[in-house]
Amino acid sequence: MPDILLDMKKVMFAYNSGGQALAGVDFAVEAGAFAAIVGRNGSGKTTLTRMAMSLIKPASGTISFGGQDTAKLTPADMARSIGYVFQNPDRQIFRDTVAKEVAYGPEQLAFTPEEINQSVAWALRVTGLTELAGSFPRLLSRGQKQKVAIASAIAMRPKMLILDEPTSGQDPWDAQNLMELLTELNQQGITILLVTHDMELIAKYVDRVTVLDSGNKVFDGKPSELFNGNHTINAWGLLPPTTVALGRQLAGITADNAEELIKQVTTVINRRKEDHA
Amino acid sequence: MPKLAPLTKLILTAAVSVWALFIPTLSGLVALACGQILLLLLYRPTGKQVKAVGVLLIFAGFLAVIQCVFGSSLEFSLMSGLKMFAMSEVFVFLLATTRLQDLTAALVSQCRIPYEYAFMFTSALRFVPDFLEESKAVREAQACRGYVFRGNPLKRLMDYVAIVEPLVLRAISRSETMAMSLELRGFGRRGQRQFTSDVAIRGCDYAAMALMLVLTIFLAVVRLGVY
Amino acid sequence: MAIQFENFSYAYPNSGIVLDDITLTIPRGSFSVITGPSSAGKTSLALAIAGVVPHYFGGRQAGTVRVGNVVTAQSNMGELAEQVGTVLADYESQLVALTVAEEVAFGLETSGLNRSQIAELVSQALAMVGLTGLEEREVAALSGGQKQRLAIAAVLVTEPEILVLDEPASALDPEGAAGIYELLYNLNCQGKTIVVVEHQLERVLPYASQVMVLQAGCLKFAGSLKQTLAFMWQQPDLKLGVPPLWAVKLTLEEQTGLVFEGWKTAEQAASELNKLLPTCEEGVAKSA
């Protein structure tokens, strides 16, 4: 039974402008998981992750990371354990080479110079940015900048990465690249938590998905269970991946991903052709 | 309270400054200051605006005290303080009771200020909330990378580059996009501009301007009479 | 009026060639989509229609871009703006006024119309984008989707025939993205030519009449949705751009030898496939 890394119990939060953002949510992430939180805008999903990073404090409830209560910690403290990657890397990039940019986090955490060099080199290698180490980050493409942001986060050697809509605004090529990078990082032992709208990616890469609706947790389990048709996901502002939606409308087909669907449909059609031949 | 056109209020701003200089007696200046405060109250000011007036009163007080300390008579010091108050309070009145868009529309269409300058103000103001939000986002992002605002003042200043630079770069990028978009919307076209704001001069404006003119002439005469 | 690129090449000042010998026609009234991997030159191509390239940036140009009968290089951005309304990718930075009504009225300020005429046009434009009644709202207080709609209304108010939008849905959630494309389709049905830069093709699946693929500055293919997706499917480095629904369709076609219609939605696909699948009873009988 894997250890629980991030444990949030009964967290509640309300904004000053009224309306409850989180109404007593229990949320836990196991070490080594590749998890996602989904829900429409305003469902509380970003509030939850921001709370995990101590960017905001819950009105009530407890949050612990690696067994330690985080109530008195600041985001800079949490940076040692969690790398938080925001949606817009332009809001943090400021140095004139990629390598120096990636080194910022380790420097702030007071790594020794050798540790900084090692971490930066490793982060650049894993994200495929080694050749761009001397480039001016502001001139890179959106996908490359996102990778710089991820490299900046992992260079701090966190146990967990939280990414807020990492593929938003990216083309399918960059998005695939990114997800493969995250899978690689997950295999190397980093726990991944995504906040996303993209159901296709969830179906393809994520082990566990949690759905929030109006500040309540309404689902917590495997993506295949979420999309199996037994849940009213439309009411939560979600649409199943297109191929799943297609599969559900086809007579006699049960498939929760594209390969399965294609296999079953092809078999049936080819069999009918033989029968009629 | 009748809705006065921005131009009338602009003229009032100039007129009040002239009156503050013309009025020869302390009681006259007190009357001016009280009159201004009364006028502001008629327009139902917000808490912030009342606070601003309060701050101006305090500064006026300081000025009076300093003048006194340096040898002027009490009467003269109080008059100086009140003059300063009168001349600055009228700006609070102007900004509190006029929308910026109306003010710039009046400046361009009635005072012949080139449109580009007035536009700078309204468009900059439009971005202030966005800028504040951006500033918060940058601080959070850097905090999540271990940024802490501490240490000696010099170190704090150097560290703050991590906050300032992304903001500056973003502001530059924004202004480039805005410039391109303005060209795409025909910003440079010459010709008579029709503003959404209605800044036309009406009956009550003419009445107010007439009143101001009369008062100015009266005070000028009084001032000359005194000498 | 149609848009024509004839052997059009362009390079920004102090930079390499970003568009290489592009020849293509965007027919009047079409819903055209420019797609391709990042840095392919998609934005530059879109901006060339409005004359931003070359008038705003300078740089070097070869060939011509024609909007109707006007050659963009011989006109200027202000004149072209009368025919082409452009919404940039960073639409927030495009909004310059303090309130919604002022933003929309901005483009009409030098049109010579009086205040009530302008107000009428403003309220029509707001109605077209679904922002009726928000005239006095502050721009900074709008949501992302509302700001996007406002940017569109602000260019619609001068009644251009052509609308060019650069990644209109990139910052929106799926519901918001669907809403914007529905709006664009409505405008298309009302006669406007729509040109969008979009790399998530499933968003435009129900609407696109023409798709153009750019890669590294070259036009790799232009044609109907069906033709272009079939083309992309055959190219290993463009394959990922094919939306999942069509990935299924094209794979099924390969494996069964059948040819299916151009699916615009999952429902359409399901109804076509269900005709080929046995009913429940048949299926049960066979597996028994």
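# Reading a predicted three-chain complex

Me: Where do I start with chain A, and into which domains is it divided?
Reply: Start with the domain bounds. In this predicted model, chain A falls into domain 1 (1-81 + 158-238), domain 2 (93-156) and domain 3 (241-277).

Me: How far apart are the C-alpha centres of domain 1 and domain 3 of chain A?
Reply: They are separated by 33 Å. The two domains still touch: seven residues of domain 1 of chain A and five residues of domain 3 of chain A form the contact. On the domain 1 side, helix 7 (residues 199-205) of chain A gives the most, with three residues. By class, that side of domain 1 has three nonpolar, three polar and one charged residue.

Me: Now the contacts between chains. How many residues do chain A and chain C each bring to their contact?
Reply: Chain A brings 34 residues and chain C brings 33 residues. Next, ask which elements supply them. On the chain A side, helix 5 (142-154), helix 6 (172-187), helix 9 (242-249) and helix 10 (258-276) each give two or more residues. Helix 10 of chain A has the largest share, nine residues. The classes on this side of chain A are 14 nonpolar, 14 polar and six charged.

Me: And how many residues of chain B are in contact with chain A?
Reply: There are 18 residues of chain B, in contact with 19 residues of chain A. Helix 6 (115-143) and helix 8 (161-184) of chain B each supply at least two residues of the chain B side. The largest share of that side, seven residues, belongs to helix 6 of chain B. Here the classes are 11 nonpolar, two polar and five charged residues.

Me: What ipTM and pTM does the predictor give the complex?
Reply: The ipTM is 0.88 and the pTM is 0.86. Confidence should also be read chain by chain and stretch by stretch. Chain C has a mean pLDDT of 89, with 97% of its residues at 70 or more. Over residues 283-288 of chain C, however, the pLDDT is below 50, and this stretch has two contacts in the model beyond near neighbours in sequence.

Me: How do I check a single helix, and what should the 17 residues of helix 2 of chain B span?
Reply: Compare the expected span with the distance between the end C-alpha atoms. At 1.5 Å a residue, helix 2 (residues 26-42) of chain B should span 24 Å, and its end C-alpha atoms are 24 Å apart, so the two agree.

Me: Which residues of helix 2 of chain B are buried?
Reply: They are B:Leu29, B:Leu32, B:Ala33 and B:Gln36. These buried residues lie on the same side of helix 2 of chain B because they cover an arc of only 90° around the axis. Their cover includes helix 1 (6-22) and helix 4 (74-97) of chain B. On the other side of helix 2 of chain B, the exposed residues include B:Leu38, B:Leu41 and B:Leu42, along with B:Ser27 and B:Cys34. Just after this helix, B:Arg44 takes a positive phi of about 50°.

Me: Last, a single residue. Why does A:Thr46 count as partly exposed?
Reply: Count its neighbours. A:Thr46 has 19 C-beta neighbours inside 10 Å, and therefore counts as partly exposed; buried would need 20 or more. A:Thr46 sits in helix 1 (residues 45-52) of chain A.

Me: What does A:Thr46 touch, not counting residues up to four places away in sequence?
Reply: A:Thr46 touches A:Asp164 and A:Val195. A:Ala21 is 25 residues from A:Thr46 in sequence, with 9.7 Å from C-alpha to C-alpha.

Technical notes: Residues numbered from 1 in each chain as written. Chains lettered and ligands numbered in written order. Predicted model: local features only at pLDDT ≥ 70, side-chain atom pairs only at ≥ 80, totals over all residues. Domains from an automatic or database assignment. Helix = DSSP H or I, 4+ residues; strand = E, 2+ residues; numbered from the N terminus. Nonpolar A, V, L, I, M, F, W, Y, C, P; charged D, E, K, R; others polar. pLDDT = per-residue confidence, 0-100. Expected span 1.5 Å × (residues − 1). Buried ≥ 20, exposed ≤ 12 C-beta atoms within 10 Å, placed from the backbone. Arc of directions from axis to C-beta.
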